[in-house]
Amino acid sequence: MARILALDLGAESGRGVVGALTDAGTLTLEEVHRFPTGGVKLGAHLHWDLPFFMRELHTAIEKAELGGALSSLGVDTWGVDFGLLGPRGELVGLPVHYRDPRTVGMVEKVYEKVPKAAIFARVGIQTMALNTLFQVAALAEQSPGLVEASEKLLFMPDLLHYLLTGTAQVEYAIASTSQMLDATTRHWATETLAPLGLPLHLLGEVVPDGTQYGSFRNIPVIAPGGHDTACAVAAVPAEPGENWAYLSSGTWSLMGLEIPSPILTPEAEAANVTNEGGVLGTIRLLKNIGGLWLVQECRRAYARLGSERSYDQLTRLAGDATPLAALVDPDHPSLYAPDDMPKAIRELCTATGQTPPEGIGATIRCCLDSLGLKYRVTLAMLERLTGRKIDTLHIVGGGSQNRLLNQIAADATGCRVVTGPVEATAIGNILLQARAQGLITGLDELRAIVRASFPVETYQPDPAMTARFAEAAQRAGW
Ligand code: LFR
């Protein structure tokens with residue numbers, strides 16, 4: 001039996017999860033440690049608390065080792081964010097959070113110098129101001145001194161791997177989230193990006209997912225595929241031959257299809273989809289949808305007002321509210337980082353000619369219905385682009401615990417929804433390390449292990465509700 005530790009950091013919390021893989025091909029999990037993540041405002045900027053993360057990772061490793069020897073460990077995190085290293089390998093500042101406003105106006109500035117179409121044709125990534133490309137453009141313009149002091153850029157998981165092992169490398173799956181990596185050659189899109197005058201010398205050679213970075217106290221450290229979404233999608237329990245799409249549901253909703261090679265057509269550019277580098281040679285065609293962030297931020301706003309409520313309580317209130325009463329685009333810029341999410345939702349409803357939701361239940365219902373509607377139009381777009389017809393939607397990740405949202409997703413898309421595992425990211429991380437150790441042959445075997453080890457739940461769409469979502473999509477003009 002192999003014991004493998006996943007260090008899985010999300011935008012809200014981080015976990016240490018030990019996976020025990022038996023020779024019979026089943027996996028059991030034990031969460032040994034959990035800690036909050038989230039941004040820290042330091043002066044005018046929003047940062048990640050890297051020293052705290054490192055302390056927590058050390059604690060997680062110590063707790064994991066109490067149960068026996070580990071055959072490897074590996075880190076995955078959200079995408080796009082990075083830290084900088086100086087010539088002596090020292091940290092240059094603290095990593096900046098992707099919701100920091102430093103990228104405001106950067107998309108326009110970048111696309112003025114190199115047209116969006118030219119960049120998309122090479123890198124195939126959805127335009128989002130948070131992407132590394134725009135963060136680096138902001139850095140170069142606003143903090144030239146930091147650039148001058150730096151020699152290397154390391155994405156979040158690579159940075160944590162470096163601080164554990166001393167090896168500074170850039171892993172493919174996480175690098176692909178940057179909007180700077182050529183989706184076809186898997187090298188930096190240096191020629192295309194050259195006119196931007198960015199410090200491209202900071203970008204190091206890219207190594208494949210599954211690379212060992214060295215070791216931490218004799219434990220091999222393996223980059224599983226450092227991107228959380230890459231790990232989560234690897235662990236989708238799809239059956240061979242199924243016509244499936246995935247929805248990795250957490251702070252973000254990442255909805256897409258696994259495809260063999262990137263789709264870089266003008267239609268894909270117009271649809272603003274992403275072709276992220278997946279593990280083991282796959283591409284994740286997906287749309288990044290502002291997901292349960294809406295609910296997380298409502299919860300935070302209610303707690304500030306003294307109405308502390310659990311996610312379960314919020315969902316129950318939403319279940320009692322009228323369906324499809326108000327709908328907002330979860331990706332509307334005004335919902336990206338507002339001070340007061342419920343207020344921002346009300347204002348957006350008023351601005352779009354709808355009666356704003358009043359009260360907690362109606363507001364959360366609006367968030368969930370809006371996500372459902374966005375899932376519907378996104379799936380239709382993905383089907384158009386690929387010519388595939390999808391009948392099963394696999395929802396994985398923490399968000400798959402929300403039964404109301406699962407049913408809404410089935411109703412809105414008209415698909416059978418299969419949910420679980422909740423810990424897909426940690427499972428993917430663990431099993432990709434196992435693959436790198438030679439314990440698993442590839443994705444088919446990996447998914448068979450997930451199917452054999454974790455239960456799923458199934459939801460069938462209610463045709464009457466599907467018709468109402470179709471009407472709502474038309475009314476909203478989406
Ligand atoms: C999900 C995720 C998404 C990425 C977003 C921001 O946790 O990694 O894939 O687009 O965070 O980095």
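The turns below ask what lies behind some of the labels used for this predicted model.

User: What should I know about the numbering and the model?
Analyst: Residues are numbered from 1 along each chain as its sequence is written. The model is predicted, so local features need pLDDT of at least 70 and side-chain atom pairs count only at pLDDT 80 or more, while totals for chains, interfaces and linings use all residues.

User: Why is A24 called buried or exposed?
Analyst: A residue is buried if 20 or more other C-beta atoms lie within 10 Å of its own, exposed if 12 or fewer, and partly exposed in between, with C-beta atoms placed from the backbone. A24 has 8 C-beta neighbours inside 10 Å, so A24 counts as exposed. A24 sits in the loop between strand 2 (13-21) and strand 3 (27-36). Helices (H or I, at least four residues) and strands (E, at least two) are DSSP runs, numbered from the N terminus.

User: What makes strand 2 and strand 3 a pair?
Analyst: Two strands pair if DSSP finds at least two bridges between them. Strand 2 and strand 3 are joined by nine bridges and run antiparallel. L21 has L27 of strand 3 as its bridge partner. The two strands form a hairpin with five residues between them, and G25 in the turn has a positive phi of about 85°.

User: How many bridges join strand 1 to strand 2?
Analyst: Eight bridges join strand 1 (residues 2-9) to strand 2, again antiparallel. D8 is matched with R15 in strand 2, and a hairpin of three residues links the two strands.

User: What makes strand 2 mostly covered?
Analyst: Seven of the nine residues of strand 2 are buried.

User: Why is V80 called buried or exposed?
Analyst: V80 has 21 other C-beta atoms within 10 Å, so V80 is buried. V80 is in the loop between strand 6 (72-76) and strand 7 (82-85). V80 has a positive phi of about 65° although it is not a glycine. Most residues other than glycine have a negative phi.

User: Which phi does N218 have, and where is N218 placed?
Analyst: N218 has a positive phi of about 70° and is not a glycine. N218 is in the loop between strand 11 (212-216) and strand 12 (219-222). With 7 C-beta neighbours inside 10 Å, N218 counts as exposed.

User: Which residues are closest to the ligand?
Analyst: Of the 14 residues that surround the ligand, the closest are W78, G79, V80, T229 and W252. A residue is near a molecule or strand if its C-beta atom, placed from the backbone, lies within 6 Å of it. Helix 9 (228-234) and strand 14 (252-259) each give two or more residues to this shell.

User: How do you know where the ligand lies relative to domain 1 and domain 2?
Analyst: Domain 1 (3-226) and domain 2 (236-420 + 441-478) both give residues to the shell around the ligand, so the ligand lies between them. The domain bounds come from an automatic or database domain assignment.

User: Why do strand 15 and strand 19 stand at the edges?
Analyst: Seven strands form an open sheet in the order 15-16-14-13-17-18-19, with mixed pairing. Strand 15 (274-277) and strand 19 (457-459) each have a single partner strand, so one side of each is left without a neighbour in the sheet.

User: Which strand does strand 13 pair with in the parallel sense?
Analyst: Strand 13 (residues 244-249) pairs with strand 17 (residues 392-396) over five bridges. S248 stands opposite V396 in strand 17.
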